[in-house]
Amino acid sequence: MDWLKEMYEEHCAVLKISNLLAAYSKKLGEGREDQGKLDEILEMSHAFTELCHHGKEEKALFPAIVKHDKKLVAGLMKEHAKGKMLMQAVRDGTRDGKISAIRSYGALIRAHIVKENNFFNDCYEKLGDGECRALSAAFRRINSAVLGKGSGSDILCRVEKLEAAIEKM
Ligand SMILES: [Fe+2]
Ligand SMILES: [Fe+2]
């Protein structure tokens with residue numbers, strides 16, 4: 001798949017995982033909890049958002065495009081770290097702490113993705129064919145290392161199932 005399309009599609013999945021957290025947070029606010037469901041969302045966020053998606057950006061895409069805006073890439077890296085810290089607060093926090101961290105994470109990730117989509121789109125025409133091929137190969141390697149035989153569409157199926165399960169909580 002074309003690298004830009006792959007990033008756009010993954011951003012949709014990252015947002016869906018963040019929306020799952022928001023749905024869970026709403027239930028928490030109503031006094032309902034289910035640690036198993038929260039663990040599943042956190043596991044998905046770690047494997048897909050952090051290891052797979054941010055892994056592709058940090059190990060392959062950012063090094064290829066950093067010359068076009070060093071300051072922006074440094075800011076994006078900081079936001080990845082902040083997101084990771086907020087996920088830790090969702091894991092370890094009190095109920096109010098979890099709710100607040102989920103709200104901050106949602107705002108962070110939405111703004112982050114808008115910035116990335118614009119920047120990646122600007123960089124798209126600037127990469128040569130060789131660089132695009134190298135990116136695709138690096139993305140494939142990261143997919144098989146992190147997701148194994150799974151794929152982005154497996155993540156979307158899991159998100160849908162969890163969405164329905166959280167709705168019933
Ligand atoms: Fe990112
Ligand atoms: Fe991204």
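Me: Helices (H or I, at least four residues) and strands (E, at least two) are DSSP runs, numbered from the N terminus; in which helix does Leu-135 lie?

Reply: Leu-135 belongs to helix 5. The model is predicted: local features require pLDDT of at least 70 and side-chain atom pairs count only at pLDDT 80 or more, while totals for chains, interfaces and linings use all residues. Residues are numbered from 1 along each chain as its sequence is written, and chains are lettered from A and ligands numbered from 1 in the order in which they are written.

Me: What makes Leu-135 count as buried?

Reply: A residue is buried if 20 or more other C-beta atoms lie within 10 Å of its own, exposed if 12 or fewer, and partly exposed in between, with C-beta atoms placed from the backbone. Leu-135 has 22 such neighbours and therefore counts as buried.

Me: Which residues does Leu-135 touch, not counting residues up to four places away in sequence?

Reply: Two residues are in contact if their C-beta atoms, placed from the backbone, lie within 7 Å. On that basis Leu-135 touches Trp-3, Ala-60, Leu-61 and Ala-64. As a separate C-alpha distance, Leu-135 and Lys-59 are 9.8 Å apart, with their positions 76 residues apart along the chain.

Me: Why is Leu-61 called buried?

Reply: Leu-61, in helix 2 (residues 35–65), has 24 C-beta neighbours inside 10 Å, and therefore counts as buried. Leaving aside neighbours within four places in sequence, Leu-61 is in contact with Lys-56 and Leu-135.

Me: Is Lys-56 buried or exposed, and what makes it so?

Reply: Lys-56 lies in helix 2 and is buried, because its 22 C-beta neighbours inside 10 Å satisfy the criterion. Outside the four-place window, Lys-56 is in contact with Leu-61, Phe-139 and Ile-142. The C-alpha atoms of Lys-56 and Ile-41, 15 residues apart along the chain, are separated by 20 Å.

Me: How do you know how helix 2 and helix 5 are oriented to each other?

Reply: Axes are lines fitted to C-alpha atoms, for helices over the stretch in contact, and angles run from 0 to 180 degrees between N-to-C directions. Helix 2 and helix 5 (residues 129–146) pack at about 155°, with axes 10 Å apart. Angles under 35 degrees count as roughly parallel, over 145 as roughly antiparallel, 65 to 115 as roughly perpendicular and the rest as oblique. The two helices are therefore roughly antiparallel.

Me: Which class counts describe the contact of helix 2 with helix 5?

Reply: Among the residues that meet are Leu-51, Lys-56 and Leu-61 in helix 2 and Leu-135, Phe-139 and Ile-142 in helix 5. By class, the contact has 11 nonpolar, 2 polar and 3 charged residues. Here Ala, Val, Leu, Ile, Met, Phe, Trp, Tyr, Cys and Pro count as nonpolar, Asp, Glu, Lys and Arg as charged, and the others, Gly among them, as polar.

Me: What is the handedness of the crossing where helix 2 passes helix 5?

Reply: A crossing is left-handed if the near helix is turned anticlockwise from the far one by less than a right angle, and right-handed if clockwise. Helix 2 passes helix 5 in a right-handed crossing. The crossing of helix 2 and helix 3 is left-handed.

Me: How does the span of helix 3 stand against the expected value?

Reply: The expected span is 1.5 Å times one less than the number of residues. Helix 3 (residues 70–92) has 23 residues and reaches 34 Å from its first C-alpha to its last, close to the expected 33 Å. For helix 5, with 18 residues, the span of 26 Å is close to the expected 26 Å.

Me: Why is Met-77 called partly exposed?

Reply: Met-77 lies in helix 3. Its 15 C-beta neighbours inside 10 Å place Met-77 in the intermediate class, so it counts as partly exposed. The buried residues of helix 3 are Leu-76, Gly-83, Leu-86, Met-87 and Val-90, and they pack against helix 1 (3–29), helix 2 and helix 4 (95–124).

Me: What makes helix 3 and helix 4 roughly antiparallel?

Reply: Helix 3 and helix 4 pack at an angle of about 155°, with axes 9 Å apart. That angle makes helix 3 roughly antiparallel to helix 4. The residues of this contact divide into 12 nonpolar, 4 polar and 5 charged.
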